[in-house]
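This briefing covers a metal site, the nonpolar cores and one helix residue. The structure comes first, then the notes by topic.

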Amino acid sequence: MLQSKLFGKTIREAPKDELSKNAQLLIRGGFVDKTMAGVYTYLPLGLRVLRKIENIIREEMNAIGGQEILMPALQNKKDWEATGRWDIDVMMKIKTSYNKEYGLGWTHEEVVTPLAKKYVRSYKDFPFYLYQIQTKFRNEPRAKSGILRGREFLMKDLYSFHNSEDDLDKYYEIVKDAYFKILERVDIKNKTYLTYASGGDFSKYSHEFQTVASAGEDTIYICDKCGVAVNEEIVKDNQPECPECQNKKLRKEKAIETGNIFKLKDRFSRSFDFKYLDKDGKEKPILMGCYGLGPTRLMGTIVEIFNDKNGIIWPKAIAPFQIHLVKIGGGEKVNRRAEEIYKACLDKNIEMLSDDREESAGVKFKDADLIGIPIRIVVSEKTLNNNCVEVKRRSKDQVELIKISELNGYLEN
Ligand SMILES: [Zn+2]
């Protein structure tokens, strides 16, 4: 991609009303545009990152048997009344001009449960797992955390259906592992703790995936012996205790809830009278699990963690491009070399952003640091006089000179 053609520009100052670091950096880098509090447009650079995160999630959901569907955001009032959740505050509601009311989904049990009921009757149909990556809405009273807590955001929600508690328990563990695989692939596993949280009125606990970050809105207590944590919301009498080893010496941290998993059991199947016929011909209750993970929130979390005073430092797996080619000066030799390197990368399917703009070296370097692509290659008269280009990793300070003849080999590694 030629940077001169890229829609969206870097800007020096983030909007004054934007307090969160993730949104400040993403707006300044030209990744997102804020339309109002908690609502953002994803520009070409930002959408590339978001799609990569989505695809990592999608691959890991498919690997554990998930089947992707797409349910509507616009939802039926009657189904929310059936579960008694129509009047929960987080629901955004719409009243049409002919006085009909709809909800905008913040979760999808009220859609997926009646859906499954239409197609499933027999014990032979179990288990099955449906997921989607879709826009959700929340009536947030305060949306101050950038894309960490939007009023409109992207969510991956997986729902599992089982005909025994054993089977639900087993799959719950499988999803835990898949979540850690996703977190590993986006480079935040070593900062993320499986965290015991409230299980509502139907399970003792649910589990959250809490990523330690100073911008986090949650407080967790980490047991370094077990590598798990407990959410402050379930700590009784101010004495946090590890739910696994009863250790009382826990470390307090701020954290961002990047995912959560929940055993719903028959909470929703009961509301919709969704049962199945067992081998003996008797009707039995269906058990469900639900598993959420937000691609937009993950993106915000990653920006909160991987940055320095100059900008974002994207992990390789989700960077918008792998290489940022920066051409300094406009001599014929420099132009020709830059074009050759750009074409060679296109041929090899290496994702490259080429800064072909007529700007000063200072402006180009500042923008490259702000955008945060993992590798920066500089082509200038000076480097070419040594038959070299200058290569710098965004995460490191050192600069190395690589011979043009060795660049191809270097890029392939
Ligand atoms: Zn412990």
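Along the sequence, the donor residues of the zinc ion follow the spacing C-x2-C-x15-C-x2-C. The model is predicted, and the values below are computed from it.

**Zinc site**
- Four cysteine sulfur atoms coordinate the zinc ion at 2.2 to 2.4 Å: C223 (SG), C226 (SG), C242 (SG) and C245 (SG).
- The pair C223 and C242 links distant parts of the chain, 19 residues apart. C223 belongs to strand β11 (residues 218-223), and C242 sits in the loop between β12 (228-231) and β13 (251-265).
- The site is tetrahedral, with angles of 103 to 115 degrees among the 4 donor atoms. For four tetrahedral donors the ideal angle at a metal is 109.5 degrees.
- C223 has a relative accessible area of 1% and is therefore buried, the cut-off being under 20%. C242 is also buried, with a relative accessible area of 1%.

**Nonpolar cores**
- The largest nonpolar core holds 56 residues, of which L26, F31, M61, L158, Y291 and W314 touch the most other members.
- Helix α5 (residues 165-185) supplies the largest share of this core, 9 residues.
- Another core lies apart from it and has 20 residues, including I323, C345, L407 and Y410.

**T301**
- T301 is part of helix α7 (residues 295-305).
- Is T301 buried or exposed? Its relative accessibility is 0%, so T301 counts as buried.
- Leaving aside residues up to four places away in sequence, T301 touches L148, I188, T211, I256 and T258.

Technical notes: Residues numbered from 1 in each chain as written. Predicted model: local features only at pLDDT ≥ 70, side-chain atom pairs only at ≥ 80, totals over all residues. Heavy atoms only, no water. Core = buried A, V, L, I, M, F, W, Y, C linked by side-chain atoms within 4.5 Å. Buried < 20%, exposed > 50% of the residue type's maximum accessible area, 1.4 Å probe, protein only. Helix = DSSP H or I, 4+ residues; strand = E, 2+ residues; numbered from the N terminus. Donors = N, O, S within 2.8 Å, 3.2 Å for Na, K, Ca; no water. Tetrahedral: all angles 85-135°; square planar, octahedral: opposite > 155°, others 65-115°. Contact = heavy atoms within 4.5 Å.
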